[in-house]
Structure formats: structure tokens, C-alpha cells
Amino acid sequence: KWAVMCLLLRSGFHLMVVLLELPEMHQMMRQTCRDYADRELGPIAGKLDKEHLFPAQQVRELGAMGVMAVEVPEALGGAGMDYLAYSLAVEEISRGCGSTGCVVSVNNSLYIGPILKFGTQKQKEQWITPFTTGEKVGCFALSEPGNGSDAGAASTLARQEGEEWVLNGTKAWITNSWDASATVIFATTDKSLKHKGISAFLVPMPHPGLSLGKKEDKLGIRATSTANLILEDCRIPLGNMLGSRGSGFKIAMQTLDSGRIGIASQALGIAQAALDCAADYAHKRTAFGAPIGKLQAVQFKLADMAVAVESARLLTWKAAMLKDAKKPFTKEAAMAKLAASEAATFCGHQSIQVLGGMGYVTDMPAERHYRDARITEIYEGTSEIQRLVIAGQLLKEYAS
Amino acid sequence: MSRVLVGVKRVIDYAVKIRVKPDHSGVVTDGVKHSMNPFCEIAVEEAVKLKEKKFIKEVVAVSCGPTQVTETIRTALAMGCDRGIHVEVSGKDYEAMGPLQIAKIFAALAKKEEASLVILGKQAIDDDCNQTGQMTAALLDWPQGTFASEVTIDGEKVKVVREIDGGLETIKISMPAVLTADLRLNTPRYATLPNIMKAKKKKIANMKPADLGVDMVSRVEVLRVDEPPTRLAGVKVETVDDLVAKLKANGTI
């Protein structure tokens with residue numbers, strides 16, 4: 001039963017919905033993900049990070065639970081739940097292991113997301129259903145060595161030759177690349193149309209003409225693989241175009257809007273794990289004759305961490321709920337991603353500080369949370385891009 | 001071969017640090033995380049597996065307590081039980097509720113539902129009584145397979161491998177019977193998201209102990225609850241002779 005309090009704000013005629021208590025199904029769903037994360041991910045997260053191991057078995061188990069395709073309708077093999085449920089799932093999984101949370105988020109939001117929204121029924125059956133079970137994961141290839149934030153400058157080209165598209169170019173920083181069985185990839189079909197000349201394509205992996213660059217050696221989320229995708233006369237059937245010709249940029253932007261909620265959720269999980277670690281340590285570690293949790297300096301840090309996480313969480317839930325209500329959510333998603341990623345880096349930093357020397361060594365997970373948190377301010381739109389998106393929306397609202 | 005009743009108890013979560021109330025009347029439960037008793041999870045898993053192997057048609061999850069226990073029943077439904085029964089017990093009756101009262105309720109329900117099996121966890125992690133299964137079987141005059149680490153249905157009989165102090169004991173009992181689940185019986189599944197959605201539509205019936213003709217009067221009164229005494233530090237000795245000398249000195253031998 002929903003306990004929802006609605007406040008009508010005069011300025012801008014916006015409806016602000018404040019969630020007091022999650023519905024029962026969402027609570028159960030959050031609990032099952034938390035149980036899985038505590039029992040199956042927490043104990044191995046350190047090892048996955050240290051050895052750069054992709055959690056294949058865990059991804060299969062999460063697939064069996066429906067977590068790899070939360071929003072996908074049951075008819076296509078998914079869990080048929082809403083985006084709020086998805087956000088809760090990613091947060092809980094990320095709390096156990098930041099890398100695994102990233103794999104879940106990329107598969108759901110960045111790979112399945114655009115196909116679900118823009119694909120034909122046949123494309124959905126071919127490219128979504130096998131990716132709901134955890135047996136296969138997908139990836140999303142937009143960034144290039146020459147452009148990350150400047151997505152409109154895509155230099156990967158696609159030309160038509162008979163019944164095929166031929167792709168050439170290089171994509172950079174592609175998460176899941178070495179573990180993926182397919183990619184949603186963006187290439188320019190009409191250079192003269194600039195960003196309106198970019199189209200989206202579906203490419204299976206492995207595939208002739210598509211090769212992978214070396215795995216990047218990253219600061220954090222080390223159980224995920226990140227590499228370049230190199231396309232050299234990579235040929236795919238015409239039917240592999242996703243959406244209409246020239247709509248690639250729009251598809252990418254809309255996909256990233258939703259993907260932001262996923263990354264915000266991942267950041268929340270990492271932030272919460274860092275807070276949990278610090279609060280637990282504050283109870284146990286004694287100094288100056290008492291647990292350090294008695295010291296105001298430590299208390300202030302814990303309070304600041306808790307406020308950062310909880311406020312980012314409410315922003316994330318609001319963005320998810322707006323999306324579920326089919327209302328515009330671009331601004332709120334950007335705010336959520338910005339707040340949550342900055343909360344994650346803040347909590348990661350402060351958690352190490354609370355642990356002192358113990359926070360700096362690998363015996364405790366604080367240093368891993370610190371390292372995992374950092375990427376959330378960069379991928380799926382840097383914090384700077386989020387600020388531009390938010391400001392753009394705000395200024396539109398205030399324009400007379 | 002039709003119906004199995006599974007008991008699920010809502011207990012304080014195993015990971016929570018238990019605190020005794022200042023008045024020593026019990027432990028703090030307000031605002032404390034609760035979840036399904038781990039042995040009850042194992043019981044549910046076994047019942048659902050028997051249904052998947054087509055030995056039984058229907059699994060009914062039962063819990064006794066206040067409104068909050070419906071969460072526990074829903075979790076059982078999300079793991080694959082078909083329907084639930086919530087026996088409402090609250091207030092003083094709930095605080096005083098123990099194995100005998102539960103056993104009476106389960107015995108009455110087993111007859112009412114014409115169950116072939118009643119599967120319970122071997123004990124609850126809050127009171128560690130390990131009595132309810134045995135009492136239920138006695139009230140029904142049914143055979144019991146307790147501490148089960150393996151259950152196989154063979155026609156109208158059940159083969160149960162029991163974990164006992166001396167090792168493993170295998171017995172064959174006729175149905176209807178009561179089984180209690182031990183730790184190694186199975187590994188409970190996680191509730192999947194689609195099953196959580198399906199659980200929403202499954203029915204939970206409400207009833208009171210009086211509807212089953214059960215009186216909840218308890219003959220047991222909890223006088224006082226204390227924390228276990230703080231463990232004292234040990235003493236290290238260098239040799240076996242030192243050890244024997246110390247044990248002699250403090251009167252142990």
C-alpha cells in the first residue's frame with residue numbers, strides 16, 4: 001500500500017511527490033537483492049577487484065532472479081517491474097559489489113534500454129530475450145578516442161553497400177566490452193547532417209570486422225572490462241539499424257537520461273557501503289578510552305555522509321518515479337546522477353578518513369569503495385555535463 | 001498426494017546484535033530488522049522442490065502472529081508457495097506464544113486442510129526450542145522425521161535421512177507425517193523478481209486460533225532475560241605440566 005504525500009508547488013506548476021514508504025513489492029524486491037548482495041557478492045567483491053575477474057556466475061544467478069532485465073516485459077523474458085524497482089535493485093547489488101552493479105546497470109539501461117524503446121518486435125526478440133538470463137550481457141558504444149562529452153562529433157562512419165551496412169572507426173571506454181555478446185553502437189550515416197546524421201546499430205560480438213582493444217587497467221570497478229571497440233569494414237545486415245536513420249543522437253541522449261538513474265543507483269550503493277563501513281568501525285574502534293563514534297569529529301563526518309546519501313537517494317527515486325509516470329525526467333535524472341556520484345566520492349573519501357590507517361589498506365573495503373566511486377562522476381555524462389543539462393532545463397523553465 | 005503445510009516464523013534477523021530490554025522482560029524488538037527464520041526458509045524450499053518434482057500439488061505457507069507476519073508469508077509465496085494462512089495472534093497472547101500453542105494450531109490446520117505433510121524448520125533462531133515439530137506430530141499421532149537432511153518421497157512413504165549426534169540415521173515413515181528441516185537439507189532459493197510480482201496475486205487467508213478451536217493459554221511464564229555472562233580472558237601456559245598444575249590448583253581436577 002502506497003503511503004504518498006503530494007505537495008503542489010506554485011512555482012512552475014510542478015507536482016512534487018514525496019515517497020514516505022516503499023510499496024510492499026518494492027520492499028520485498030529490495031530485500032531479495034540485498035540478501036543476494038550480502039551473501040553472494042560481499043564475500044567475493046575484494047577478490048573480483050584484486051584479480052579483475054568478471055563475475056560470470058553471479059551475473060547468471062542475477063539473471064535467473066530477473067535482475068539483468070528488470071523493466072523488460074515478462075513476455076520477452078524480463079521481470080516486468082518498474083524503474084523504481086530497477087533503481088533499488090542496482091543500489092543493493094552495488095552495495096555488495098560496485099563492479100557487479102555496473103554490469104547490471106549497463107545491461108539494463110544502456111544495452112536493453114534503447115532496444116526496448118526503439119527496436120522492432122523482431123529486434124526485441126533477437127537482441128533482448130537472450131540477454132535477460134545473465135548468460136549474455138550487452139554493451140553500449142558511443143564514446144570515441146576523439147569525443148566523450150562531445151557526442152555529436154561521432155567520427156565512426158557507416159556506409160550502405162547493397163544489403164549491408166559497413167562500419168569503420170573506433171569506440172573508446174566501452175564497459176563490458178570483453179564480456180559482451182552484442183553492442184548498441186553509434187555511427188555517422190550522413191556527415192553533412194552533423195549530429196542529426198548519426199544512426200544506431202546492433203552488432204553481435206564477436207563479429208568479423210570488430211575487434212577489441214586491450215583491457216584498460218582501471219582505478220576502480222576492476223571486475224568490469226573496459227576497452228576500445230575497433231571496427232574495420234565491419235558488415236551487418238540492413239535490419240540491424242536500431243530506430244530510424246539519423247535518430248542515433250536522439251536515441252543516445254534518451255538512453256543516457258535513463259542510464260543516469262542506473263548510475264545514480266550504483267553510486268548510492270557504493271556510498272552506502274562506504275557509510276556502513278565507517279559507522280561499523282566507529283562502534284568498534286576505541287581511542288582516547290572510548291569507541292571513536294563518541295567523538296564529535298567522527299559523528300559530524302557520519303552525519304554528513306548520511307545526509308549526502310539520503311538526499312541523493314530521494315532525488316534518484318523521484319527521477320525513477322517520474323519516468324514510471326511517463327513524465328519528463330531529464331532534469332531530475334541529471335540531478336540524481338550528479339548528487340549520487342558526488343555523494344559516493346564524498347563518502348568514499350570520508351570513510352577512509354574515519355578508518356584512518358586501516359582505511360588505506362586492502363584488509364578493509366573502504367579503499368575499494370573510494371576507488372569504485374570515482375568513475376561515477378565521469379561515465380554516462382560527467383558531473384560537468386550534468387550541470388549543463390540541469391542549467392539548460394532550469395533556464396527553459398524560467399524563460400518568459 | 002495433495003497438500004503440504006509449511007510453517008514460517010518471523011524472527012529477529014540473524015545478523016542483528018540482540019539487546020536485552022532494560023527491564024529484563026525480553027529482548028528489544030521495536031525497530032529491529034526481522035526476517036524469516038532460516039530453518040523455515042529451508043522448509044519452504046523443500047516443499048517447493050517437492051511440488052516442482054510433482055510429488056505434491058499445493059504448498060500452503062502458515063504463520064502465527066500480528067499483522068507483520070504477513071510479510072513473512074509473502075516471502076514464502078515469492079519463493080513458490082501457492083497460498084498463505086495468517087493465524088492472527090497479538091498482544092499478550094503473542095508474547096506468551098510458544099511451541100505448544102503453535103503445535104495445536106498446526107495440528108488443527110493439518111486436519112482442516114487435509115495435509116499429507118507438515119514441514120517445519122527444526123527450530124527457531126530466537127528461542128531455539130526445537131519442540132514444535134515434535135509436539136505437532138504427537139498431537140496428530142502422525143510419524144515424524146526430524147532434523148531432516150534428505151527427504152525422498154516413495155509412494156505413500158517418506159524416506160528421511162536424519163542428522164543425529166552419532167551421524168546419519170535413515171528412517172522410512174508413512175504419510176501423513178511431520179518433517180522438520182535441518183541446515184543441510186537444501187540451499188533456499190532467492191525470491192526472483194517475477195515471483196515477487198506473482199506473489200502479489202496469491203491469497204492469504206485470515207483466521208484466529210479460536211476459529212480452529214485452539215486456546216492460547218500458556219503454562220510457561222518468562223521470569224527474566226539476561227545477557228550471557230561476559231567471557232573471561234583465558235590464560236596461556238607453556239607446557240602440559242603447567243596446564244595440569246593450573247587445573248589442579250583451581251580445583252578442576
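## The annotated region of chain A

Over residues 24-135 of chain A, in this predicted model, the chain is 71% helix and 0% strand, with the end C-alpha atoms 30 Å apart; helices here are DSSP runs (H or I) of at least four residues and strands (E) of at least two, numbered from the N terminus. UniProt, in an unreviewed entry, lists these residues as "domain: Acyl-CoA dehydrogenase/oxidase N-terminal", an annotation that may be inferred rather than shown by experiment.

Residues are numbered from 1 along each chain as its sequence is written, and chains are lettered from A in the order in which they are written. Local features need pLDDT of at least 70, side-chain atom pairs count only at pLDDT 80 or more, totals for chains, interfaces and linings use all residues, and side-chain values use heavy atoms, leaving out hydrogens and water.

## Nonpolar cores

The largest nonpolar core, a set of buried (under 20% relative accessible area, 1.4 Å probe, protein chains only) Ala, Val, Leu, Ile, Met, Phe, Trp, Tyr and Cys residues joined through side-chain atoms within 4.5 Å, has 79 residues, and those with the most contacts inside it are Met29(A), Val67(A), Val44(B) and Leu117(B). Helix H1 (residues 24-50) of chain A supplies the largest share of this core, 9 residues. Apart from it lies another core of 31 residues, including Tyr111(A) and Leu242(A).

Leaving aside residues up to four places away in sequence, Val67(A) touches several residues, among them Cys33(A), Ile93(A) and Leu193(B), where contact means heavy atoms within 4.5 Å.

Conventions. Buried means under 20% relative accessible area, exposed over 50%, partly exposed in between (1.4 Å probe, protein chains only).
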